[in-house]
Amino acid sequence: MLGRSAAAGILCAVLAVSLGGLWYRDGIRSSLIDQDLGFWTSLVPFVASNASNCSCQADGDAEQGVGSCRLRGTVNDCCCDYETVNRVNQEHLHPVVSELVKTAYFRYFKVNLNCDCPLWPDEGMCSMETCSVCECEDGEVPEPWTEAERKHPLGCNTTVIQNEFQVDKTVDPNVKELLVNLPGWRGFNNPWMAEDEKETEYFYINLLANPERFTGYKGEHTQRVWKAVYSQSCFTGSTNPGEDECTEKRIFYRLISGLHSSITAHIAKEYLIDEERGIWGPNLDLFYWGLGRPELKSRVENLYFAFLFVLRAAMKTGPLLDRTEYNTGLPEEDKRAQELMHLLANHPSLQQACPVPFDEGRLWKGDEGPDLKATLMTSFRNITRIMDCVGCEKCKLWGKVQTLGLATALKILFHESDCGSSGSNDTAPLILERNEIISLVNLLERLSQSVETYRVLSAKLEEREKGSARVDAAAAT
C-alpha cells in the first residue's frame with residue numbers, strides 16, 4: 001500500500017457529483033446536492049453534424065430508443081447510429097477488447113504517482129484502503145521490458161528512434177507510424193501531454209489488480225478538481241461549450257464530458273454494496289441520478305461520442321497494432337494478445353457496420369485552425385496536470401491511464417501528416433510508444449464497458465420500475 005504525499009487525478013472526482021459535487025451547466029456551476037438537478041444538470045443537446053456522407057450500416061431507429069435515455073438516430077458529430085453502436089459493441093468489440101486488456105502486455109502500465117499538485121497545497125492522500133494502489137512486485141513486470149529500460153538512461157535517444165522509423169518500410173504508407181519502447185511513462189513527443197519539468201521516477205502497476213471502481217473518495221477536494229477541469233480557457237466565452245458553434249471546441253468539450261460520463265458508469269457498475277463482506281455490484285440509484293434519466297441524455301450522448309472518437313483512433317492505427325510484436329516473455333499470453341489484436345484491427349462486422357466512426361479531416365480548417373489547435377492542446381495539457389491534484393491513488397492511476405489514452409487518440413487523429421499537410425517525406429512521422437498503446441487500448445475498453453454498462457443497467461432499471469408498478473397496482477386493488 002502506498003502513502004504518497006502528492007494528490008492527483010480526475011477519475012474519482014466523479015464521486016463528488018453523487019455526493020455533493022459540481023458540474024458545468026449553461027455557463028454556471030451548480031450544486032448537485034439538489035435532487036431536481038440530479039447528479040449533473042442536463043447538458044443542452046449538441047449541434048448535429050452533417051451526416052449525409054456517412055456510409056454506416058444503420059440498424060434503423062427503434063421507436064423506443066436506446067437505453068433509459070431513449071437515444072435515437074445518429075450520434076451527433078459522428079457517423080454511426082446508437083442502435084448500431086450498441087449491437088456492434090455488445091456482440092463484437094467488447095468481448096474482444098475486454099479480453100485483450102487482461103493479457104500481460106496490456107495490463108502493466110508504468111506511471112508516476114508522486115507529482116505535486118500545481119494548483120493548491122498538498123493535503124495528503126485518501127487513507128482508505130480502497131483508495132490505495134499496489135505496485136508490481138519484483139519479477140512481476142515483463143523481463144523484456146525491464147531489460148530494455150536498463151540499457152538506456154532516463155530520457156530517449158531521438159537519433160536512434162529516427163533511424164528506426166526510416167528503416168521500417170512495412171508501415172501504412174498513408175500514415176508513418178512506429179511503436180517504440182522508451183523510459184518514462186508519458187509517451188513520445190505527444191503534444192497533448194504535459195511534460196515533466198524534470199526527470200521523474202516511475203513504477204509499474206498491474207491494472208487488473210487495481211480496478212477502476214468506487215473508492216469512497218469524496219468531498220470538497222473532488223469538487224475543486226472538476227471545477228479546475230471545466231475552468232479551462234477554451235470553455236470561456238460560451239454560454240454552453242457543448243453547444244459551441246466552433247466544431248473543434250464542441251468536440252473537445254464532448255470528449256471531456258464523455259470521459260466524465262464513462263467514469264460515472266464504472267462507479268455505478270462497481271459500487272461497494274457490503275463493506276464488511278467486500279461485495280461489489282451495481283448501484284441503480286447512482287446510475288439513475290447520474291445517467292439513467294431521459295433529461296440527462298446529453299451525458300450519455302457524449303459517452304457514445306467519446307467511444308466512437310477513440311474507436312476511430314484505434315481503427316486508424318490498426319495496421320501498426322496488428323503488426324506489433326507483443327513481447328512480455330510469456331509466449332502463451334503474447335500469442336493471445338497478438339490474436340486478439342489481429343481480430344480487433346480486422347474485424348469485418350466492425351468495419352462493415354461503422355467504417356469511419358468519426359471524420360477528423362474536417363477539423364482545423366481556415367486561418368484560425370492552427371491557433372485553435374494550439375489553444376486546445378494547451379487546455380488538454382492543463383487537464384493532464386490536474387491529474388496531479390486528486391488525493392486518491394487509484395483515482396489518480398486511472399486518471400493518468402485514460403488521459404494518456406485520450407492524448408494518444410488525439411495525437412493519432414490530428415497528427416500533422418493528416419491535417420492539411422502535403423504528406424511529403426519531410427512530414428514528421430507519427431511515433432507511438434508502448435505506454436501510449438497500452439493506455440489507448442485500456443481507454444477503448446473502459447469506454448466500451450461504459451456503453452455496455454449503460455445498456456445493461458438501463459434494462460435493470462426498467463425491470464425495477466416495472467416491478468414497482470406491479471406492486472403499486474396490486475396494492476391499489
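## Salt bridges, core and rings

The side chains of D274 and R277 come together in a salt bridge, with 2.9 Å from N to O. R277 itself is exposed, since its relative accessible area of 64% lies over the 50% cut-off. The model you are looking at is a predicted one, so please read every value here as computed from that model.

### Charged pairs

How many salt bridges does the model hold by the rule used here? The count comes to 18. Three of them are set out below.

| Salt bridge | N to O distance |
|---|---|
| D274 and R277 | 2.9 Å |
| E295 and R293 | 3.1 Å |
| E462 and K466 | 3.4 Å |

The pair E295 and R293 brings together two settings. E295 is partly exposed, with a relative accessible area of 43%, whereas R293 is buried, at 6%. R293 has a further partner: its charged end sits over the ring of Y288, 5.5 Å from the ring centre. So R293 takes part in a salt bridge with E295 and also has its charge over an aromatic ring.

Where do E462 and K466 lie with respect to each other in helix α15? They are 4 residues apart in this helix (residues 434-476), so about one helical turn separates them. E462 is partly exposed at 27% relative accessibility, and K466 is partly exposed too, at 46%.

Salt bridges can also join up. D77, R250, R254 and R362 are linked in a network of them. Two members of this network, R250 and R254, carry numbers that fall within helix α7, which runs over residues 247-269. Helix α7 has 23 residues and reaches 32 Å from its first C-alpha to its last, close to the 33 Å expected at 1.5 Å a residue. Is α7 mostly covered or mostly open? It is mostly covered, as 20 of its 23 residues are buried.

### The nonpolar core

In soluble globular proteins, nonpolar side chains tend to be buried together. Here the largest nonpolar core has 117 residues, and Y304 and F309 are the ones that touch the most other members. Which helix gives the most to this core? Helix α9 (residues 297-316) does, with 12 residues.

Y304 is a good place to start exploring. Leaving aside neighbours within four places in sequence, Y304 is in contact with V66, L71, V75, Y82, V85, N86, V451 and Y454.

### Aromatic rings

A search of the whole structure finds 18 aromatic pairs. One of them joins F305 and F309: the ring centres are 6.1 Å apart and the planes stand at 45°, so the pair is tilted. Tilted is the term for planes that are neither under 30 degrees nor over 60 degrees apart. Both residues belong to helix α9, where they are 4 residues apart, about one turn of the helix. F305 is buried, with a relative accessible area of 0%, and F309 is likewise buried, at 0% relative accessibility.

The two rings are also part of a wider group. W192, F252, F305, F309, F358, W364, F380 and F414 form one aromatic cluster. F309 therefore appears in three roles: it pairs with F305, it belongs to this cluster, and it is one of the two residues that touch the most other members of the largest nonpolar core.

One more ring has a charge above it. R446 lies over the face of W398, at 5.7 Å from the ring centre.

Terms used
Residues are numbered from 1 along each chain as its sequence is written. This is a predicted model: local features need pLDDT of at least 70, side-chain atom pairs count only at pLDDT 80 or more; totals for chains, interfaces and linings use all residues. Side-chain values use heavy atoms; hydrogens and water are left out. A nonpolar core is a set of buried Ala, Val, Leu, Ile, Met, Phe, Trp, Tyr and Cys residues joined through side-chain atoms within 4.5 Å. Buried means under 20% relative accessible area, exposed over 50%, partly exposed in between (1.4 Å probe, protein chains only). Contact means heavy atoms within 4.5 Å. A salt bridge is a side-chain nitrogen of Lys or Arg within 4 Å of a carboxyl oxygen of Asp or Glu. The expected span of a helix is 1.5 Å times one less than its number of residues. Rings of Phe, Tyr and Trp (its six-membered ring) pair if their centres lie within 6.5 Å; planes under 30 degrees apart count as stacked, over 60 as edge-to-face and the rest as tilted. A charge sits over a ring if NZ of Lys or CZ of Arg is within 6 Å of the ring centre and within 35 degrees of the ring normal.
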